[in-house]
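Biologist: Hi! Could you walk me through the aromatic rings and the cysteines here?
Modeller: Happy to, let's look at it together.
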Amino acid sequence: MTMREHTMQAHRTALFNCRLCPEMIGPVVSGSPVFSPILLIGQAPGDKEGGFGKPFAWTAGKTMFKWFERIGLDEETFRQRVYMAAVCRCFPGKNPKGGDRVPNKDEITNCSKWLQAEIDLLKPDLILPIGKLAISQLMAVNKLNEVIGKVHSVNFHGHLTEAIPLPHPSGASTWHRMEPGISLLESALSLLQEHKAWQQICQATI
């Protein structure tokens, strides 16, 4: 085992044993431990993901993987070739007013150390933040219209890289199903398809 593989293994063991946030509902959810040039960052798992043991395993995932399939990678291949992380790795629980609870600042801070470790380990050429909570960790965002459909240069946890933000594929969100969201999503997917990191994983030269 190489030093990098050993570091990944140690990281994953520590990650899955994390119990820092008392209001969060386990288990910890994370994607495959693949050394990928692309890091996907979701918001937080829903109530179904823990049972499946993988992120984006329910309806939002079906929508998102259809986007990626249109530009060259089906779900199984994507999961094997892209490191899938999140702002928070445990299910936050339900909001009494409906929907899932948004993680609080302490929970986001607690979980950010895992993203820091993954950035240090992967040094990704491209980050795909999915949804406003994830996008806001990398850049200021008031409206999705202002950031989606562009490639952004970012400094994330001390690593200079590029980011292509995408909307959250939740069925509760109408943004990606109405203009200008439809057109901006198409622009973002076109930029992703043209990106060297995407072409690299499509050619399986990781």
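Modeller: A word on the rule before we count: rings of Phe, Tyr and Trp (its six-membered ring) pair if their centres lie within 6.5 Å. Also keep in mind that this is a predicted model.
Biologist: Fine. How many aromatic pairs does that rule give?
Modeller: The count comes to six aromatic pairs. One of them is Phe65 with Phe68: the ring centres are 6.5 Å apart and the planes are at 70°, so this pair is edge-to-face.
Biologist: Where do Phe65 and Phe68 lie?
Modeller: Both are in helix α3, which covers residues 59-70. They are three residues apart, about one turn of the helix.
Biologist: And are Phe65 and Phe68 buried or exposed?
Modeller: Phe65 is buried, at a relative accessible area of 3%. Phe68 is buried too, with a value of 0%.
Biologist: Which aromatic pair does Phe68 form with Phe78, stacked or edge-to-face?
Modeller: That pair is stacked, with 4.4 Å centre to centre and 5° between the planes. It links distant parts of the chain, since Phe68 belongs to helix α3 and Phe78 to helix α4 (residues 75-81), ten residues apart. Phe78 counts as buried as well, at 0% relative accessibility.
Biologist: Which residues do the ring pairs link into a cluster?
Modeller: Phe65, Phe68, Phe78 and Trp198 are joined into a cluster by ring pairs.
Biologist: Nice. What lies over the face of Trp58?
Modeller: That would be Lys62, at 5.9 Å from the ring centre.
Biologist: Switching to cysteines: how many disulfides does the structure hold?
Modeller: Zero. As a reminder, a disulfide is a covalent bond between the sulfur atoms of two cysteines.
Biologist: Why is there no bond for Cys21?
Modeller: Its closest cysteine sulfur is in Cys18, 6.2 Å away, and that is too far for a bond. The cut-off used here is 2.5 Å between the sulfur atoms.
Biologist: What about Cys88, what is its nearest cysteine sulfur?
Modeller: The nearest is that of Cys111, 4.8 Å away, and Cys88 is in no disulfide.
Biologist: Are these two, Cys21 and Cys88, buried or exposed?
Modeller: Cys21 counts as buried at 16% relative accessibility, because the limit for buried is under 20%. Cys88 is buried at 1%.
Biologist: Great, thanks for the tour!

Technical notes:
Residues are numbered from 1 along each chain as its sequence is written. This is a predicted model: local features need pLDDT of at least 70, side-chain atom pairs count only at pLDDT 80 or more; totals for chains, interfaces and linings use all residues. Side-chain values use heavy atoms; hydrogens and water are left out. Buried means under 20% relative accessible area, exposed over 50%, partly exposed in between (1.4 Å probe, protein chains only). Rings of Phe, Tyr and Trp (its six-membered ring) pair if their centres lie within 6.5 Å; planes under 30 degrees apart count as stacked, over 60 as edge-to-face and the rest as tilted. Helices (H or I, at least four residues) and strands (E, at least two) are DSSP runs, numbered from the N terminus. A charge sits over a ring if NZ of Lys or CZ of Arg is within 6 Å of the ring centre and within 35 degrees of the ring normal.
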